[in-house]
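Good morning, and thank you for making time for this item. I would ask you to look at the sequence and the structure while I take you through a few regions in turn.

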Amino acid sequence: MGVAHATDLSDAPGGPQDLLTLKQGDHLCLVYDDDPTEQFAALVPFLKQGLENGERGVYVCDDTTMDSLSAALAGDGVDVDGAISSGALIIWTREQWRPAGELVSAEMAARVDDVIRQALAEGFCGIRFAIEMTWTLDPNIASDRLCHWEATLNTVIRPDVPARMICQYSRKRLGPEVVYAGLATHPVAVLGTETLPNPYHRGPLALHDPATPSVGHEDIDWMLSQLRWQRAYESERARRLRAEETAAEAEASLQQLREANATKDDLLALLSHELRTPLTIVSGFAEYLARKGDGYSPESALAVQEITLGAQRLTRIITNLLLLGQDDAGAAEGEPIVLKPILRVVMAEHKKRHPEREISVHHESPHTPALGNAVYAEQVIANLVANAEKYSPAGTLIEIRLSLLDGYRVVSVLDRGIGFPPGEAERLFEAFYRSAEASRVGGGLGVGLFVCKRVVEAQGGKIWCLPRPGGGSEFSFTLPLAEE
């Protein structure tokens, strides 16, 4: 049938575009089967968008379409009467659009150009045409003359002109040669509400050779089937491109995260090397001075004590920051550990810093081992005891309870301190979160409890807090029991 003018699909844009994304200068071919109202789902939003943008809309109707078009526009929220009275919407019959006598392409093109210029002169920013091509009937315009006219129209509707046009071809009322002429002369095709490059567009060749081949309905069927295949192909290609772009963006974000983590690790390594060594010296000599301080004045003894406590607090902060920066914090392979001696070490260290604080310990099956990491378990318990120390009055008791529950070791630290506001139990374990009351009572970065959560969960356990009847808090965490 001689329609081998399809473009290379590899050069097509990234998939079908919605009809509402048309650019000025687009000239489209829309082929429908029977009733023009079939296409209102695409055409009504196209016209409405233009009206909302300050463009003029021109619709050339078939004999029976005018009322149904007005109803469809009104149903989509368009004030049809107001748009017509203001000149924003013009609805012409085919008699009003069709030239008297024979169709002369140059004369018809001049008329379309005048319609565009008049719209701009009247203050509209552009114009949109929707043309039912049944205006070519009774008497019928020959397909080759129509082909020449549509090709000429491409010299009027072009990218530098603020106009868009959709030409609608009825397969029932127009012969296959006429439909072919439409497919051969429009750069863009419409399928449903989507647009895509028209592979049958002959471009300027149609001006020099407007003759249309002898085609039948089965040929038009095949051409439309290829358009549908192209739409599916382009949709799939666009999906793949989006997936590739998403994957590339994700990889770029991951690389940025890796670089940020590397910077973080370098910083933490610097903290560990540059701060911990001199801090150990300060702590050691402060404790030495405290032990040798029998002859100090009260002021000097207090100064030594404050230096010791400050150094110990800074040591805990650095330890927490280092744990916070480890992606695998606590994820080392677990081993059976007995928590009783770990508790003893934590209590002894705490007693050195806070000799006046009373701490009680209650054991249930004290020698039953849990599965975890002894260093990290000690850090978690030390953080919870330090938290209780900070937020409870000096004369109150801190309790530590070691119990069993459904295959887990449970460690609980209880105090009679300030507690926490209702609904904030989960937020207490967020990094850098501190309640207003906690900020008022004591300083800190708000990382201790977050470190506890990371370390405990990495070892297969859970951590939570509950308010105590009578005031205070109960912080608990679990570690799985070791298999015997």
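Let us begin with a single bridge: Leu466 has Glu474 of S15 as its partner. The model, I should state at once, is a predicted one. The bridge I have just named sits in a pairing of S14 with strand S15, residues 473-480, which is antiparallel and extends over five bridges. Together S14 and S15 make a hairpin, with five residues between them. In that turn, Gly470 adopts a positive phi of about 90°.

The hairpin leads us to the sheet. Five strands form an open sheet with mixed pairing, and their order is S10-S12-S13-S15-S14. Which strands stand at the edges? They are strand S10, residues 359-363, and strand S14, residues 463-467; each has a single partner strand, so one side of each is left without a neighbour in the sheet. From one strand to the next, the twist averages 20°.

A helix lies across this sheet. Helix H12, residues 374-390, covers S10, strand S12 (398-405), strand S13 (408-414) and S15 by lying across them, and the angle it makes with S15 is about 175°. H12 also meets a second helix, H11, which comprises residues 339-353; the two axes come within 10 Å and cross at roughly 45°. H11 and H12 are therefore oblique to each other. The crossing of H11 past H12 is right-handed. On the H11 side, the residues that meet H12 are Leu339, Ile342, Leu343, Val345, Val346 and His350. Their counterparts in H12 are Ala374, Ala377, Glu378, Ile381, Ala382, Val385 and Glu389. As background to such lists, an α-helix has 3.6 residues a turn, so residues three or four places apart point the same way.

Before leaving this part of the chain, I would mention Thr368, in the loop between S10 and strand S11, residues 370-372. Thr368 and Leu481 are separated by 113 residues in sequence, yet their C-alpha atoms are 7.8 Å apart in space. Leaving aside residues up to four places away in sequence, Thr368 touches Leu404, Arg409 and Leu481. For the chain as a whole, residues 24 or more positions apart account for 77% of the contacts with a separation of 6 or more.

I turn now to a second pair of helices. Helix H5, residues 105-121, packs with H6 at an angle of about 40°, and their axes are 9 Å apart. That angle makes H5 oblique to H6. Here, too, we have a right-handed crossing. H5 contributes Ser105, Met108, Ala109 and Val112 to the contact, while H6 contributes Arg145, His148, Trp149, Thr152 and Leu153.

How many of the 11 residues of H6 are buried? The count is eight, and the helix is mostly covered. Among the buried residues are Ser143, Leu146, Cys147 and Trp149. What do the buried residues of H6 pack against? Their partners are strand S2 (27-32), H5, strand S6 (163-170), helix H7 (176-185) and helix H8 (205-208).

Ahead of H6 we find Thr136, in the loop that links strand S5, residues 127-132, with helix H6, residues 143-153. Is Thr136 buried or exposed? Its relative accessible area is 3%, under the 20% cut-off, and Thr136 therefore counts as buried. Its side chain reaches the backbone oxygen of Met133 at 2.8 Å. Not counting residues up to four places away in sequence, Thr136 is in contact with Arg98, Ile141, Leu146 and Leu174. Leu146 is one of the buried residues of H6.

A further residue deserves attention, namely Arg94, in helix H4, residues 94-97. Arg94 has a relative accessible area of 9%, and is buried. With residues up to four places away in sequence again set aside, Arg94 touches Val60, Cys61, Asp63, Thr134, Trp135, Leu137, Asp138 and Arg173.

Finally, the overall picture. The protein chain contains 14 helices and 15 strands. It has 484 residues, of which 45% count as buried.

How values were computed
Residues are numbered from 1 along each chain as its sequence is written. This is a predicted model: local features need pLDDT of at least 70, side-chain atom pairs count only at pLDDT 80 or more; totals for chains, interfaces and linings use all residues. Side-chain values use heavy atoms; hydrogens and water are left out. Helices (H or I, at least four residues) and strands (E, at least two) are DSSP runs, numbered from the N terminus. Buried means under 20% relative accessible area, exposed over 50%, partly exposed in between (1.4 Å probe, protein chains only). A polar contact is a pair of N or O atoms within 3.5 Å; within protein, one must be able to donate a hydrogen and the other to accept it, and residues adjacent in sequence count only if both atoms are side-chain atoms. Contact means heavy atoms within 4.5 Å. Two strands pair if DSSP finds at least two bridges between them. Axes are lines fitted to C-alpha atoms, for helices over the stretch in contact, and angles run from 0 to 180 degrees between N-to-C directions. Angles under 35 degrees count as roughly parallel, over 145 as roughly antiparallel, 65 to 115 as roughly perpendicular and the rest as oblique. A crossing is left-handed if the near helix is turned anticlockwise from the far one by less than a right angle, and right-handed if clockwise.
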